[in-house]
Amino acid sequence: MTLPCGLVLPNRIAKAALSEFMADSGGTPLEHMIALYRRWGEGGAGLIITGNVMVDPRYIEAPGNVVLNGKLSTLGRSRLQAIAEAGKSSGSAVLMQLSHAGALASKQGCERPVAPSLRRRGKPGTGAFKSAPCRALTKDEITSIVAQFVAAADMASDTGFDGVQIQCGHGHLISQFLSPRLNRRTDDWGGSLHNRARLMLEIIDEVRARLPDNFAISVKLNASDFMEDGFSFDDCLGVVEWLNGAGVDLIEISGGSRVQPQMFGLMQPDFYGADGRLASGYNETGAYFGGFSKAVKAVALMPVLVTGGVRRRMDAERIISHGVADMVGFGRPMCLDDKLSEKLLSGDVDVIDDVKPEGFVSGGRFGFDSRYGFIREVHFEGLIAWHSVQMAGLSEGLKSDASVGLLSALRSFRKSLRATRQR
């Protein structure tokens, strides 16, 4: 598939973004991150998207994030170049995902996160994902954030990446601006949908103007944040209309946040509709956001990528043939089998094992969708921790280890992040 910028993808499978947590305390990638991307690069995906690369070291998702701080050290540059080369070693294209955590900034690295509007209470979270009350950004700070994204995209190009993906979903800063629930500003950055989308559109415009024409720009966009008075699917379709004229090469449709983890196929009980499937945009392919993606594809002038929930080769084929999306993304399954893309393309795999760690409970009082916030948060961090442990194993040349329990992974993950802060 050829993107509008001219970048040719050898197939329609994407390795979706997953935070690797493989950087030192300064945000420089560690050497084993290169090995991880070499394994993914040899795995056969047409497109590989990195995990969150943060554009501001003060507001990161968690310790261990890669950070671009306006400049690159010699070591940081060489490591990023090696990651890009490793990912592209067998013909895949590689995009760097750029993000600003905003209100989600880890309390372990930031005492006072920033957000579109003042928030007197911190976001739910445990461990590395616990955040503090936020202050509202000034107009000058918003302008500087645009410049940070542009500088980071320039560094991505300079170190050999084929393009960038701007993270506009999953509760990160840009999606906070898009949400009328979270953005209560009354100036040019709040109020109408266009004003709430201004930060996203200015970043894209500046990156498109600054970088070469053949540099790919992707946007990860929530179909909805699944919160009352939040970013709706009607809002999403309105944003897509503006992106049609902004030089965007690929839209990835996702949804939810830590509060509503729809990217894991789960919602808090309070926000289920009368029909849970319709509420989530589920369709016959099993994709969490398949219904939304098909509607976006009907109006988008660029290719559409849908990620989440696809566990059968037949369903991946139907997503393409039935016009649900132009590409299919896989995230967590790629942590368990780095050769998944190759196996799907050859037909060696028809059903992808939906492995859950021991100790993970999907429903009930003590499950992921429990009404008790602390229990949901432990499951959320534990699931991320478990897949982080699997990625660490891949980087060391090991096979996935499904026997690792949820709590064991959580302890290992937290220990690893403490060590990261000391590096």
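## Contacts around I49

Two residues are in contact when heavy atoms of theirs lie within 4.5 Å. In this predicted model, I49 touches K15, A16, A17, Y37, L95, Q97, Q165, E252 and L305, when residues up to four places away in sequence are not counted. The place of I49 is in strand β2, and with a relative accessibility of 0% I49 counts as buried, because a residue is buried when its relative accessible area is under 20%.

One of these neighbours, A17, shows how the fold brings separate stretches of the chain together: I49 and A17 are 32 residues apart in sequence, while their C-alpha atoms are 5.1 Å apart in space. Another residue that I49 touches is Y37, which is among the buried residues of helix α1 and returns below in the section on aromatic rings.

## The chain as a whole

The chain is built with 14 helices and 12 strands, and of its 423 residues 61% count as buried. If one takes the contacts between residues that are at least 6 apart in sequence, 70% of them join residues that are at least 24 apart.

## Helix α1 and its surroundings

Helix α1 covers residues 31-41, and within this helix M33, I34, L36, Y37, R39, W40 and G41 are buried. The elements against which the buried residues of α1 pack are the strands β1 (13-15), β2 (47-49) and β4 (66-67), together with the helices α2 (74-87), α11 (332-336) and α13. Strand β2 in this list is the strand that holds I49.

Two packed helices are described by the angle between their axes and the distance between the axes. For helix α1 and helix α13 (residues 373-395), the axes come within 8 Å of each other and cross at roughly 85 degrees. This crossing makes α1 roughly perpendicular to α13, because angles of 65 to 115 degrees are counted in that way. On the side of α1 the contact is made by H32, A35, L36, R39 and W40, and on the side of α13 by M391, G393, L394 and S395. Sorted by class, the residues of this contact are 5 nonpolar, 3 polar and 1 charged.

## Aromatic pairs

A pair of aromatic rings is described by the distance of the centres and the angle of the planes. With rings of Phe, Tyr and Trp counted as pairs when their centres lie within 6.5 Å, the count comes to 4 aromatic pairs. One of them joins Y37 and W40, whose ring centres are 5.1 Å apart and whose planes stand at 85 degrees, so the pair is edge-to-face. Y37 and W40 are 3 residues apart in helix α1, which means that about one helical turn separates them. An α-helix has 3.6 residues a turn, so residues three or four places apart point the same way. Both rings belong to buried residues, as the relative accessibility is 0% for Y37 and 2% for W40.

A further pair is formed by Y288 and F289, with ring centres 6.3 Å apart and planes at 90 degrees, so this pair too is edge-to-face. Y288 counts as buried at 17% relative accessibility, and F289 is buried with a relative accessible area of 0%.

## Loops with particular residues

F21 lies in the loop between β1 and α1, and its phi is near 55 degrees, which is a positive value in a residue other than glycine. At 6% relative accessibility, F21 counts as buried. H170, which is not a glycine either, has a positive phi of about 55 degrees, and its place is in the loop between β8 (163-168) and α4 (173-178). H170 is buried, with a relative accessible area of 13%.

S192 is found in the loop between α4 and α5 (193-196). S192 is partly exposed, with a relative accessible area of 39%. S192 and L178 are 14 residues apart along the chain, and their C-alpha atoms are separated by 9.6 Å.

## Cysteines

A disulfide is a covalent bond between the sulfur atoms of two cysteines. How many disulfides does the structure hold? The number is 0. Among the cysteines, C5 is buried with a relative accessible area of 13%, and C134 counts as buried at 1% relative accessibility.

Notes:
Residues numbered from 1 in each chain as written. Predicted model: local features only at pLDDT ≥ 70, side-chain atom pairs only at ≥ 80, totals over all residues. Heavy atoms only, no water. Disulfide = S-S within 2.5 Å. Buried < 20%, exposed > 50% of the residue type's maximum accessible area, 1.4 Å probe, protein only. Axes fitted to C-alpha atoms, helices over the stretch in contact; angles between N-to-C directions. Helix = DSSP H or I, 4+ residues; strand = E, 2+ residues; numbered from the N terminus. Parallel < 35°, antiparallel > 145°, perpendicular 65-115°, else oblique. Nonpolar A, V, L, I, M, F, W, Y, C, P; charged D, E, K, R; others polar. Phe/Tyr/Trp six-rings, centres within 6.5 Å; stacked < 30°, edge-to-face > 60°.
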